[in-house]
Amino acid sequence: MAKHPFEIMPWTKEHDPTNFTSDLASIKKYIQEQAHRDVSSYTSSVFVLTEMGELIIRGYYSLSSISIVFSELPIRVQKRLPKYPQASAILLGRLGVDKEFSLKIQKEQGFKPRFGELLLADAQMRCLRNCKDVGSALLAVDAETPSIEEQKSGAKDPLPFYSKYGFVSLSANPRRVIKTMRSIAEEFKQI
Ligand SMILES: CC(C)(COP(=O)(O)OP(=O)(O)OC[C@H]1O[C@@H](n2cnc3c(N)ncnc32)[C@H](O)[C@@H]1OP(=O)(O)O)[C@@H](O)C(=O)NCCC(=O)NCCS
């Protein structure tokens, strides 16, 4: 990483998504066509990964507020939360890495830059910090499903990526995965 320092910051209209590449059309389309509307209407916040001091978007994630029906949470999560009908949550709506750029860095360095991991860690730490101002019991992700065509072109199901970092599925909707803010606090305190 020494040769290529990166930073993650709030999206601005000066950031450039023009050449963003992804195996998922929805991830490319969101940053190129939708992000600015979501940010300007305060619907979601978007955070972008760039090379230090640059404006070209190499990765991003979005955050917004939702609530989740308490009874739909896994029992072991229910046991760790107060019993309100709805649990407060932050939704990590989209997360994507510019595939071509990631491959380029991998070729130059000889190993993967792990941008997905970096973005997910940054999102978790950001949510934790924000919880000091507005509480949220959970971080949730709706894992996208690659289309058949996208799968044929090599797109991977992102669900196992989230499982790897401690997210668990809701029984009513296995594509929605959650992690308690308390688990995130415990995990990141150790770093
Ligand atoms: C999913 C995505 C964000 C992961 O980013 P990435 O930079 O490729 O992942 P990283 O290199 O940081 O991977 C970190 C670890 O997760 C694993 N991983 C990454 N994607 C994975 C997947 N889809 N399934 C299982 N494991 C995965 C890596 O193998 C690596 O594991 P290791 O610790 O054993 O080496 C990225 O591939 C992407 O943008 N995909 C297309 C869009 C998408 O699916 N976004 C999610 C929408 S909800």
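Which residues come nearest to the ligand? I started my notebook with that, keeping in mind that this is a predicted model.

**Entry 1: around the ligand**

I looked up the ligand's surroundings and found 22 residues there, of which G116, E117, P158, P160 and F161 come nearest. Next I asked myself which elements each supply at least two residues of this shell. They are β4 (86-97), α4 (115-130) and α6 (159-164). I also sorted the shell by character: 10 residues are nonpolar, four are polar and eight are charged.

**Entry 2: α4 against α7**

Since α4 had turned up beside the ligand, I followed that helix to a neighbour. I found that α4 packs with helix α7, residues 181-189, at an angle of about 110 degrees, and that their axes are 10 Å apart. Angles of 65 to 115 degrees count as roughly perpendicular, so I wrote down α4 and α7 as roughly perpendicular to each other. Their crossing is left-handed. Which residues make the contact? On the α4 side I noted Q124, M125, C127 and L128, and on the α7 side M181, I184, A185 and F188. Seven residues of this α4 and α7 contact are nonpolar, one is polar and none is charged.

**Entry 3: G59**

I then picked out a glycine, G59, which lies in strand β3, residues 59-69. Is G59 buried or exposed? A residue is buried if 20 or more other C-beta atoms lie within 10 Å of its own; G59 has 26 such neighbours, so I put it down as buried. Leaving out residues up to four places away in sequence, I listed what G59 touches: L49, G96, V97, D98, F115 and L119. I also checked G59 against L95, 36 residues apart along the chain, and found their C-alpha atoms separated by 7.6 Å.

**Entry 4: two positive phi angles**

Most residues other than glycine have a negative phi, so I went looking for exceptions. Y42 is one I found: its phi is positive, about 60 degrees, although Y42 is not a glycine. I located Y42 in the loop between α1 (25-40) and β2 (45-51). Y42 has 8 other C-beta atoms within 10 Å, so I marked this residue as exposed.

R114 also went into my notes, with a positive phi of about 60 degrees, although R114 is not a glycine. Where does R114 sit? I found R114 in the loop between α3 (99-109) and α4. With 15 C-beta neighbours inside 10 Å, R114 counts as partly exposed.

Key. Residues are numbered from 1 along each chain as its sequence is written. This is a predicted model: local features need pLDDT of at least 70, side-chain atom pairs count only at pLDDT 80 or more; totals for chains, interfaces and linings use all residues. Helices (H or I, at least four residues) and strands (E, at least two) are DSSP runs, numbered from the N terminus. A residue is buried if 20 or more other C-beta atoms lie within 10 Å of its own, exposed if 12 or fewer, and partly exposed in between; C-beta atoms are placed from the backbone. Two residues are in contact if their C-beta atoms, placed from the backbone, lie within 7 Å. A residue is near a molecule or strand if its C-beta atom, placed from the backbone, lies within 6 Å of it. Ala, Val, Leu, Ile, Met, Phe, Trp, Tyr, Cys and Pro count as nonpolar, Asp, Glu, Lys and Arg as charged, and the others, Gly among them, as polar. Axes are lines fitted to C-alpha atoms, for helices over the stretch in contact, and angles run from 0 to 180 degrees between N-to-C directions. Angles under 35 degrees count as roughly parallel, over 145 as roughly antiparallel, 65 to 115 as roughly perpendicular and the rest as oblique. A crossing is left-handed if the near helix is turned anticlockwise from the far one by less than a right angle, and right-handed if clockwise.
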